[in-house]
Structure formats: structure tokens, C-alpha cells
Amino acid sequence: ICNNKFATLLGYESPEEWSNVEESFTEAFVDESSQEILVSTYQNAMSNLVGSTISVEWKKKSGGKIKTRVILVPFLFDGNLFALHFIDA
């Protein structure tokens with residue numbers, strides 16, 4: 001799930017356009033240099049209910065990159081566990 005602010009940060013016109021990308025999330029949106037840290041932080045949040053702050057470099061639709069700081073926190077709602085990502089560019 002993506003909000004309008006994140007979609008436009010990566011150069012997409014809307015969350016709908018962003019969601020139509022057919023590659024996996026990490027392949028489509030996360031620079032190779034940040035994939036391991038983002039995936040391991042996500043897994044830690046989901047397995048151990050641990051929040052973290054990390055640096056992540058995202059891929060833009062245009063082919064460029066953008067460096068951000070991500071706060072990733074586990075969030076339990078109605079019996080479902082989510083990992084919320086707060087992104088500061």
C-alpha cells in the first residue's frame with residue numbers, strides 16, 4: 001500500500017500507477033544497495049516486533065535515486081500485523 005506522497009516522491013502520478021508495477025517491491029522501488037537492510041529490518045519488525053530507523057535509497061520511475069531515512073515499526077491492528085514505514089526525504 002502506498003500513499004500519494006510516496007508515489008510522487010518516486011515519480012509516479014498516483015498510488016494507482018505505483019501499484020501497477022509488475023516487479024517485486026524491492027526490485028521495483030529499492031536500490032540494490034539498500035535491499036538487504038530494508039528486508040532484514042522488515043523481517044525483524046515482523047518476527048520480533050522491533051522498530052528501527054535506517055537509511056534507504058529508493059529507485060525513482062525516471063531511473064534516478066533518492067536517499068531517505070525510514071522509520072519502520074510493527075503495528076498490530078484487528079489481529080493483523082503490519083510494518084508501517086515513515087519516510088523522510
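Visitor: What pattern does the protein chain follow, read along the sequence?

Guide: Going along this predicted model, you meet α-α-α-α-β-β-β. Count them up and you get four helices and three strands.

Visitor: What makes the protein chain as compact as a globular protein of that length?

Guide: Set two values side by side. The radius of gyration is 13 Å, and the globule rule gives 12 Å for 89 residues. Those are close, so the chain counts as being as compact as a globular protein of its length. As for its extent, the C-alpha trace spans about 35 × 30 × 25 Å along the principal axes.

Visitor: Why is N20 called exposed?

Guide: Its relative accessible area is 58%, and the exposed label needs over 50%, so N20 earns it. You'll find N20 in the loop between α2 (15-19) and α3 (25-29).

Visitor: And how much of the protein chain counts as buried?

Guide: That's 28% of the 89 residues. The cut-off here is under 20% relative accessible area.

Visitor: What makes a group of residues a nonpolar core?

Guide: They have to be buried residues of certain kinds, such as Leu, Phe or Trp, joined through side-chain atoms within 4.5 Å. The largest such core in this chain has 18 residues, and among those with the most contacts inside it are L10, W18 and W58. At least two residues of this core come from each of α1 (4-9), α3, α4 (32-48), β1 (52-59) and β2 (65-77).

Visitor: Why would nonpolar side chains be buried together?

Guide: That is a general tendency in soluble globular proteins.

How values were computed. Residues numbered from 1 in each chain as written. Predicted model: local features only at pLDDT ≥ 70, side-chain atom pairs only at ≥ 80, totals over all residues. Heavy atoms only, no water. Buried < 20%, exposed > 50% of the residue type's maximum accessible area, 1.4 Å probe, protein only. Rg over C-alpha atoms; globule rule 2.2 N^0.38 Å.
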